Structure formats: structure tokens, C-alpha cells
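This briefing is written for a reader who is new to the structure shown below. Please keep the sequence and the model in view while reading.

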Amino acid sequence: MKQGTEKPCFFIKSESVCEIPFPMGRYFRENIFSVTYYPEGENKNRECASVLERLYRCLDYISLPDGSARGSHMGCTVDDELLKFTVHYDMFVYKSKEPV
């Protein structure tokens with residue numbers, strides 16, 4: 001358990017970000033996130049299955065400051081009574097040519 005947190009809890013991590021240039025100042029950005037769930041109940045596998053269904057619903061679309069993003073490539077594993085969920089949020093972004 002990281003950071004001395006109490007169960008149940010989630011740990012969310014940005015696993016990878018990749019950016020591919022496209023014409024006209026556009027870039028295709030691939031974002032991969034992992035969500036690890038630490039259950040607390042006696043039947044941890046059942047608790048993980050219940051949380052998994054909620055994660056699929058909650059992370060299908062997320063709100064962003066200028067719109068929304070749809071999750072793809074969602075999947076999970078349950079190892080050592082921990083749920084490990086991954087989701088991709090891929091999108092085009094625009095960059096201005098202003099100096100940094």
C-alpha cells in the first residue's frame with residue numbers, strides 16, 4: 001500500500017503519453033492510464049468485480065476543460081486480490097505557434 005492510505009482506495013497513474021505530429025498544427029496524443037483498486041472486504045474478488053463494472057461506466061467518457069474524451073482499450077486483471085484497470089484516452093490537440 002502506497003502513501004499510508006486506508007483501504008478501500010484507488011491509485012491512479014499516467015502510464016504513458018505519446019504524441020504524433022499531424023499537419024496544420026494538430027497532434028494526436030495517446031494517453032494510457034492505470035487504476036489500481038485496493039479492496040477492504042472479506043470477499044475481495046467479489047468487491048473487485050463490483051468496482052470493475054462501475055469503472056467501465058464511469059470512465060467511458062470523462063469531462064475535460066474544453067470538451068470530453070472517450071475511453072478505449074479498457075481492460076483489467078485481478079492479481080493478489082487487487083484490481084488493475086487500464087484505459088486509453090486518445091485525442092487530437094492543437095498547438096499555437098506562439099513562442100514558449
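What follows is a short account by topic, covering the core, the charged pairs, the aromatic rings and one hairpin. The model is predicted. Its largest nonpolar core has 12 residues, and the structure holds four salt bridges and five aromatic pairs.

**Nonpolar core**

- The largest nonpolar core is made up of Val-35, Tyr-37, Cys-48, Val-51, Leu-52, Leu-55, Leu-59, Ala-69, Leu-83, Phe-85, Val-87 and Tyr-89.
- Three elements each give at least two residues to this core: strand E2 (26–38), helix H1 (44–58) and strand E6 (82–94).
- In soluble globular proteins, nonpolar side chains tend to be buried together.
- Val-35, a member of the core, is in contact with Leu-55, Leu-59, Leu-83 and Phe-85, among others, when residues up to four places away in sequence are left out.
- The contacts of Val-35 also include Phe-10, Phe-11, Ile-12 and Lys-84.
- Phe-85, another core residue, has a relative accessibility of 0% and therefore counts as buried.

**Salt bridges**

- Glu-19 and Arg-29 form a salt bridge in which the closest N and O atoms are 2.5 Å apart.
- Glu-19 belongs to strand E1 (residues 9–21) and Arg-29 to strand E2, so this salt bridge ties together parts that are 10 residues apart in sequence.
- Glu-19 is partly exposed, its relative accessible area being 32%.
- Arg-29 is likewise partly exposed, at 26% relative accessibility.
- A network of salt bridges links Glu-19, Arg-29 and Lys-95.
- Asp-60 and Arg-70 make a salt bridge with 3.3 Å between the closest N and O atoms.
- Asp-60 sits in the loop between H1 and strand E3 (61–64), while Arg-70 is in strand E4 (residues 67–70), so the pair joins parts that are 10 residues apart in sequence.
- Asp-60 counts as partly exposed because its relative accessibility is 22%, and the buried class covers values under 20%.
- The side chains of Lys-13 and Glu-15 also meet in a salt bridge, at 4.0 Å from N to O.
- Glu-15 is partly exposed at 42% relative accessibility, and Lys-13 is partly exposed at 41%.

**Aromatic pairs**

- A pair of aromatic rings is described by the distance of the centres and the angle of the planes.
- How are the rings of Phe-22 and Phe-92 arranged, and how far apart are their centres? The centres are 5.1 Å apart and the planes stand at 85°, so the pair is edge-to-face.
- This pair links distant parts of the chain, since Phe-22 is in the loop between E1 and E2 and Phe-92 is in strand E6, 70 residues apart.
- Both rings belong to partly exposed residues: Phe-22 has a relative accessible area of 36%, and Phe-92 has one of 37%.
- Tyr-56 and Phe-85 form an edge-to-face pair as well, with 5.3 Å from centre to centre and 80° between the planes.
- Tyr-56 is part of helix H1 and Phe-85 is part of strand E6, so their pair ties together parts that are 29 residues apart in sequence.
- Tyr-56 is partly exposed at 32% relative accessibility, whereas Phe-85 is buried.
- Phe-22, Phe-28 and Phe-92 are joined into a cluster by ring pairs.

**Charges over rings**

- The charged end of Arg-26 lies over the ring of Phe-92, at 4.6 Å from the ring centre.
- Lys-95 has its charged end over the ring of Tyr-27, at 4.3 Å from the ring centre.
- Lys-95 is also one of the residues in the salt-bridge network with Glu-19 and Arg-29.

**The E3–E4 hairpin**

- Strands E3 and E4 pair in the antiparallel sense over four bridges.
- How many residues does the hairpin use to join E3 to E4? The connection runs through two residues.
- Leu-64 lies in strand E3, and its bridge partner in E4 is Gly-67.
- Leu-64 is partly exposed, with a relative accessible area of 29%.
- Leaving out residues up to four places away in sequence, Leu-64 touches Ala-69 and Met-91.
- Ala-69 is in turn one of the residues of the largest nonpolar core.

Key:
Residues numbered from 1 in each chain as written. Heavy atoms only, no water. Core = buried A, V, L, I, M, F, W, Y, C linked by side-chain atoms within 4.5 Å. Buried < 20%, exposed > 50% of the residue type's maximum accessible area, 1.4 Å probe, protein only. Contact = heavy atoms within 4.5 Å. Phe/Tyr/Trp six-rings, centres within 6.5 Å; stacked < 30°, edge-to-face > 60°. Lys NZ or Arg CZ within 6 Å of the ring centre and 35° of its normal. Pairing = 2+ DSSP bridges.
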